[in-house]
Amino acid sequence: MQPHKLLLCLLFVLVAATQTSAQNKQAKQAKTDWNAPFPPHKVIGNVYFVGSAELATFLITTPEGHILINSDFESTVPVIRASVEKLGFKMTDIKILLGSHAHGDHMEGDALMKELTGARVMAMEQDVPLLRKMTPGNKPHPIDRILKDGDQVALGGTTLVAHLTAGHTPGCTTWTLKADENGKPYNVLIVCSVGINPGYVLVNNKDYPQIADDYARSFRLLRTLPVDVFLGAHGSFYGLQAKYAQLGKGGANPFIDPAGFKAYLDDKEKAFTTELAAQKAKQ
Ligand SMILES: [Zn+2]
């Protein structure tokens, strides 16, 4: 090889290596920022936000103990704990731990959360194989009750319904409940996710053959559910930052946003349809 070509080669390797390390750094940074604390607050009725800047965790309080949805990353658990305690609630009063879906940013902390609370961990049947593989620090993933589509989780007068909204994961679970505020009942919906992550295979997916049909079914189902208060597994799904900024400024509760839910679905369904068509065209 001629010396200047060798130099060019070396330079290329160096640039590539720098880029990868920059990307890794970026990914790590994003993860850290996702764990940044966010002010815990009441959403509506007995529903409270106790998550981080990006990872949405909800505490549903009842006279017989509390329900927590999403333990997030294991590294998010201390952030959640601080938020629960800041609101004046006790970790040991959390009796049930639920989740949105079997990805690390929503359910990796289940084992640690169970250690801290003693809560019963419940998960949708179709996500169990993925959860079994989620073992931070070699801790086995706890599962005390396996849920099926439409199952109810009841505690102290509050009933949540587990809706299978598969696609993002095979057991992706959207939670609904009714919350009362000023004597009025509101339909609360915590959407799992109908987003397509980079690299998702929608056509001829050997590990998940029915993925595209599942997404399509989930969009159809989600459009039939009554929604007043729109929440989701990530704060960015439902505009947490902007809505939180509106709190306490008078006017209606900013989390009551059925139009926002419809816009979220329209946006994600368009992305799904576009990606599916592109992948089919490449077959
Ligand atoms: Zn996910």
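Is His 234 buried, exposed or partly exposed, going by its C-beta neighbours inside 10 Å? Keep that in mind while you load the model, which is a predicted one, and we will start the tour right there.

**Stop 1: His 234**

Select His 234, in the loop between β12 and α7 (240-246). It has 19 C-beta neighbours inside 10 Å, so His 234 counts as partly exposed; the cut-off for a buried residue is 20 or more. Now add Glu 54, Leu 55 and Ala 56 to your selection: His 234 is in contact with these three, leaving aside its neighbours within four places in sequence. Then draw a C-alpha to C-alpha distance from His 234 to Cys 192; the two are 42 residues apart along the chain and separated by 8.7 Å.

**Stop 2: the whole chain**

Zoom out and switch to a cartoon view. You should find 8 helices and 12 strands. Of the 283 residues in the protein, 41% are buried. If you display contacts between residues at least 6 apart in sequence, 63% of them join residues at least 24 apart.

**Stop 3: the nonpolar core**

Which residues touch the most other members of the largest nonpolar core? Select Phe 58, Ile 67, Leu 97, Leu 98, Leu 189 and Leu 231: these are the ones, in a core of 65 residues. The largest share of this core, 5 residues, comes from β11.

Stay with Leu 189 for a moment. Beyond the residues up to four places away in sequence, Leu 189 touches Thr 174, Thr 176, Leu 225, Val 227, Phe 230, Leu 231 and Phe 261. Leu 231 is itself on the list of core residues you have just selected, and Phe 261 is one of the buried residues of α8, which is where we go next.

**Stop 4: helix α8 and its partner α6**

Select residues 258-281. This is helix α8, with 24 residues; it reaches 35 Å from its first C-alpha to its last, close to the 34 Å expected at 1.5 Å a residue. Show side chains for Phe 261, Tyr 264, Lys 268 and Phe 272, the buried residues of α8. They pack against β11 (184-191), α6 (211-224) and β12 (229-232).

Now bring in α6. How do α6 and α8 run relative to each other, roughly parallel or roughly antiparallel? Their axes come within 11 Å and cross at roughly 160°. Angles over 145 degrees count as roughly antiparallel, and α6 and α8 are therefore roughly antiparallel to each other. The crossing of α6 past α8 is left-handed. To see where they meet, color Ala 212, Tyr 215, Phe 219, Leu 222 and Arg 223 in α6, then Leu 265, Glu 269, Phe 272 and Leu 276 in α8.

While you are here, pick Ser 218, also in helix α6. Ser 218 is buried, with 26 other C-beta atoms within 10 Å. Apart from its neighbours within four places in sequence, Ser 218 is in contact with Thr 165, Ala 166, Gly 167 and Val 194. Its C-alpha lies 9.9 Å from that of Glu 269, 51 residues apart along the chain.

**Stop 5: helix α4**

Move to residues 110-117. Helix α4 is mostly covered, with 6 of its 8 residues buried: Asp 110, Ala 111, Leu 112, Met 113, Lys 114 and Thr 117. These buried residues pack against α2 (77-86), β5 (94-98), α3 (104-107) and β6 (120-124). Just after α4, click on Gly 118, which takes a positive phi of about 80°.

**Stop 6: three asparagines in loops**

Begin with Asn 35, in the loop between α1 (3-34) and β1 (41-44). Asn 35 counts as buried because it has 21 C-beta neighbours inside 10 Å. Not counting residues up to four places away in sequence, Asn 35 touches Ser 52, Phe 73, Ser 75, Thr 76 and Val 79. Leu 55, 20 residues apart from Asn 35 in sequence, is 7.2 Å apart in space, C-alpha to C-alpha.

Next, Asn 70 sits in the loop between β4 (65-69) and α2. Asn 70 is not a glycine, yet has a positive phi of about 85°. With 27 C-beta neighbours inside 10 Å, Asn 70 counts as buried.

Finish at Asn 138, in the loop between α5 (128-132) and β7 (145-147). Its phi is near 65°, a positive value in a residue other than glycine. Asn 138 has 6 C-beta neighbours inside 10 Å and so counts as exposed.

Conventions. Residues are numbered from 1 along each chain as its sequence is written. This is a predicted model: local features need pLDDT of at least 70, side-chain atom pairs count only at pLDDT 80 or more; totals for chains, interfaces and linings use all residues. Helices (H or I, at least four residues) and strands (E, at least two) are DSSP runs, numbered from the N terminus. The expected span of a helix is 1.5 Å times one less than its number of residues. A residue is buried if 20 or more other C-beta atoms lie within 10 Å of its own, exposed if 12 or fewer, and partly exposed in between; C-beta atoms are placed from the backbone. Two residues are in contact if their C-beta atoms, placed from the backbone, lie within 7 Å. A nonpolar core is a set of buried Ala, Val, Leu, Ile, Met, Phe, Trp, Tyr and Cys residues joined through C-beta atoms within 7 Å. Axes are lines fitted to C-alpha atoms, for helices over the stretch in contact, and angles run from 0 to 180 degrees between N-to-C directions. Angles under 35 degrees count as roughly parallel, over 145 as roughly antiparallel, 65 to 115 as roughly perpendicular and the rest as oblique. A crossing is left-handed if the near helix is turned anticlockwise from the far one by less than a right angle, and right-handed if clockwise.
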